[in-house]
Amino acid sequence: MKILRKSVVLKLWLFMVALVLIIIYFTGVLQTAKLRQLYYNQQLELLTSEAKHISTIKDINEQSMNANLLSTLAEAFKGNIMIIDRQGYIIHCIGMGMSMKNVADEKISVVGHHDLPWKQSDLQSIMQGKTISYQGAYHFLNSDVLTVAVPLNNEGQVTGSVMLSSPLAPIEERIGALQRITIYAGMIGIALATVLSLLLSRTISRPLLKMHRAARSMARGDYSRRVEVKSQDEIGLLANSLNILATELQEKITTLERLDRTRREFVANVSHELRTPLSIIQGYTEALMDGLAESEAERQKYLEDIHEEILRLRRLVAEILDLRKIEAGQIEMKMQEISLAYLAGQVFEQFQTLAEDKQITASLDIAPGSYTLKADPDRIKQVLINLIDNALRVTPPGGQIKVTLTELKDAVQVSVADTGPGILPEEQPLIWERFYKVDKSRARTGGGTGLGLAIAKNIIETHGGTVDVSSKPGQGSTFYFIIPK
Ligand code: ADP
């Protein structure tokens, strides 16, 4: 029973076998009953007409009747002929192993004889001119028989009866043969059910077991397993869903793991970034407290350094919060129609003096075209500031910075090119990451936070645009972003 509960195919097999057996059984029973009835009716008709035939033989109920004729007749239909008189006494009895000579002298009555089934009422019916029949055991003839009794008429008078008996064995034999065929059919049915079950086990059980194994390995954290099912049926659908589930779970878990890693990295980075300015501030403050500054000018210098570090901290904190909010989608972009040309002009102006101080030639080149698009002006400005600020920072005196606006098909491109040191190809994908700084030592003084490009990338991508850089070390870099109109 345990194995039955465990296998769908076995269950199906049992159901099928049960079905076959039930169908075969009922067909067999009904068929046998119907055929038996048919055979009997046929046999009865045959016997009746035979008996009627015999009853017309002249002097049939005479004791002197030629027994040879009767015995020939009895042999012909392989039965027994019995002639009785009005009182029920047997005059002749021949066939089926009976050959009673001078039976009439013995005065054997068919009614009340312990080996014969006839009753007084039967005899009365016959004598009233009726034909009666009997089917069943007939000890007198040591056999199961079908018997017909027809009246013997002599000039309108019933003078006796012809009783014809035919053994039932041949009929039963034929029915038995038929039942054997039905049993063979049942066996073939069971064999077919078994073959079918085996086929079903291929199409149902095996894929189900495969899915079971896949689900198990998923539970263990292995999402690489896929169920290979070619069928399009419900099982195929299930397998497909399972595969999709595995793929999606795998993706989700990878994303979750990545998010978790970045969050941990972020926390580690922030702590690290905070530590540097804090220890500088601590150092200078302790120096001041210990009276290490000798002159007022030195004291002033310390204070300025402390102040600078505080500003740096503030900027860092502000940028971290900014980035987090943008990444979390908490910052709502205030989208409005803006002219990118105008915006670029504004930011460019801002940096003019700084560029002059550093002896850098800065130029703004706006190609003819339309630069109006929907965007958040403050955020786009922030991107431009970050890019130009970086460019100014890395470009040595005598270098050049070129800001270019170009109209593309359905988009606008802004590029900021410098003649700085450029970026190594392997560094290029990394600079967009938070806290990534090419020159680690630069972090200490006048350095950025390593967040500028990460913020810029986030803002542009929120606008549905892209950012990228092309750079050759030693020949400067060109940062550009594209925003769709
Ligand atoms: P930061 O605020 O420190 O500049 P960013 O995210 O803006 O941080 O830049 C990340 C890194 O990319 C920095 O280490 C910087 O040196 C490098 N970088 C940015 N712009 C340029 C550029 N125009 N040329 C060379 N390196 C650059």
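The side chains of E407 and K485 come together in a polar contact of 2.5 Å; such a contact is a pair of N or O atoms within 3.5 Å, where within protein one atom must be able to donate a hydrogen and the other to accept it, and residues adjacent in sequence count only if both atoms are side-chain atoms. This is a predicted model, so local features need pLDDT of at least 70 and side-chain atom pairs count only at pLDDT 80 or more, while totals for chains, interfaces and linings use all residues. Residues are numbered from 1 along each chain as its sequence is written, and side-chain values use heavy atoms, with hydrogens and water left out.

E407 itself sits in strand β10, residues 400–408. Helices (H or I, at least four residues) and strands (E, at least two) are DSSP runs, numbered from the N terminus. With a relative accessible area of 34%, E407 is partly exposed; on this scale buried means under 20%, exposed means over 50%, and partly exposed is what falls in between, using a 1.4 Å probe and protein chains only. Besides K485, a polar atom of the E407 side chain has the backbone nitrogen of S370 at 3.2 Å. Setting aside residues up to four places away in sequence, E407 touches G369, S370, Y371 and K485, contact being heavy atoms within 4.5 Å. Going by C-alpha atoms, E407 is 9.1 Å from I366, a residue 41 places away along the chain.

Moving on to the domains, the assignment splits the chain into domain 1 (1–55 + 168–215), domain 2 (57–166), domain 3 (223–329) and domain 4 (332–484); the bounds come from an automatic or database domain assignment. The centres of domain 3 and domain 4, taken over C-alpha atoms, are 23 Å apart. Where these two meet, 18 residues of domain 3 are in contact with 17 residues of domain 4. The size of an interface is often given as the accessible area lost when the parts come together. For domain 3 and domain 4 the buried area comes to about 1,500 Å², with carbon and sulfur atoms giving 54% of it; that figure is the accessible area (1.4 Å probe) that the two parts lose on being put together, summed over both.

As for specific links, two residue pairs are in polar contact across the interface of domain 3 and domain 4, both at pLDDT 80 or more. There is also one salt bridge between domain 3 and domain 4, meaning a side-chain nitrogen of Lys or Arg within 4 Å of a carboxyl oxygen of Asp or Glu. The side chains of D322 and R379 make a salt bridge, at 3.2 Å from N to O. On the domain 3 side, the elements giving two or more residues to the surface that touches domain 4 are α7 (234–289) and α8 (296–327). The largest share of that side, eleven residues, is down to α8.

R379 has another partner: its side chain and that of Q382 are joined by a polar contact of 3.0 Å. Q382 belongs to helix α10, residues 377–394, and is buried at 19% relative accessible area. Leaving out residues up to four places away in sequence, Q382 touches D322, I455 and I459.

T182, in helix α6 (residues 169–219), counts as buried too, at 13% relative accessibility. The T182 side chain reaches back to the backbone oxygen of L178 at 2.9 Å. Beyond its neighbours within four places in sequence, T182 is in contact with I24, G28 and Q31.

Next come some strands. Strand β1 (residues 80–85) pairs with β2 in the antiparallel sense over four bridges, a pairing being called when DSSP finds at least two bridges between two strands. M82 faces C93 in β2. The hairpin of β1 and β2 has four residues between the strands, and G88 in the turn has a positive phi of about 95°. On to β3 (residues 98–99): β2 pairs with this strand in the antiparallel sense over two bridges, with S99 in β3 as the bridge partner of I94. Two residues separate β2 and β3 in their hairpin, where M96 in the turn has a positive phi of about 55°. Six of the six residues of β2 (residues 90–95) are buried, so this strand is largely enclosed by the rest of the structure.

Helix α5 (residues 120–127) has D122, L123, S125, I126 and M127 as its buried residues. Those residues pack against β1, β4 (132–138), β5 (143–154) and β6 (157–167). After α5 comes G129, with a positive phi near 100°.
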